[in-house]
Amino acid sequence: MTNDKTVDVLNRLVEINNDRIEGYETASDETNEQDLKALFARFAQNSHKCREELSVEIISLDGTPTDGTKNTGKLFRAWMDVKAALTGEDRHAILSSCEFGEDHALQTYRNVLKDDSEHLSSSQISMINTQMVLLKGDHDKVKAMRDAAKVEA
């Protein structure tokens, strides 16, 4: 197991958490609905926690945690959809866009565990699984709220 590959793998997860933080901070700034503001703040805080855990691990491997995001492709468009939806104050559209971003975050975690576990220690795999459970909870909350918003509409 080389540290360089491990650092690269962990930095992919740092990036996805940076994306979530940026996306939810933007979403929180753009909505006037207090329950959504609180929800988005909690989700951003969850990603701050995950990013910190990953960064500590990366530093212990003599690596440098990335401060970048993956603001390209589908995830970037998803966050832009969130902003557009927020502008229109369409609760269902806001939550649908958030769920899309959550799907992408979870898929990144799944891909790391599926494709790169040979570069990770058992304690790193455990940390990633724990974080994935946290993010899955966020995903499920967004999905439930989205479904409720569709029924209310």
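Hi everyone. Before we start, one definition: a helix here is a DSSP run of H or I at least four residues long, and helices are numbered from the N terminus. With that in hand, we can place Thr6, which sits in helix 1. Please keep in mind that what you see above is a predicted model.

Let's stay with Thr6 for a moment. Is Thr6 buried or exposed? Its relative accessible area is 1%, and buried means under 20%, so Thr6 counts as buried. Gly63 comes 57 residues away from Thr6 along the chain, yet their C-alpha atoms are separated by 9.2 Å.

Now the whole protein. You'll find 5 helices and 0 strands, so to speak an α-α-α-α-α run from the N terminus on. Of its 153 residues, 43% count as buried. If we take contacts between residues at least 6 apart in sequence, 80% of them join residues at least 24 apart. On the outside, about 7600 Å² is exposed, with carbon and sulfur atoms supplying 51% of that.

Let's go inside. The largest nonpolar core has 20 residues, and those touching the most other members are Leu10, Leu13, Leu54, Tyr109, Val112, Leu120 and Ile128. Two or more residues come from each of helix 1 (3–30), helix 2 (34–60), helix 4 (91–115) and helix 5 (122–152). Which helix gives the most to this core? That is helix 1, with 6 residues. Apart from this core lies another one of 13 residues, including Leu36, Phe40, Ala44 and Ile94.

Last stop, Tyr109. Leaving out residues up to four places away in sequence, Tyr109 touches Leu13, Ile16, Asn17, Cys50, Leu54, Ile128, Gln131, Met132 and Leu135. Thanks for listening!

Terms used: Residues numbered from 1 in each chain as written. Predicted model: local features only at pLDDT ≥ 70, side-chain atom pairs only at ≥ 80, totals over all residues. Heavy atoms only, no water. Core = buried A, V, L, I, M, F, W, Y, C linked by side-chain atoms within 4.5 Å. Buried < 20%, exposed > 50% of the residue type's maximum accessible area, 1.4 Å probe, protein only. Contact = heavy atoms within 4.5 Å. Areas by Shrake-Rupley, 256 points an atom, 1.4 Å probe, with all protein chains shown as cover.
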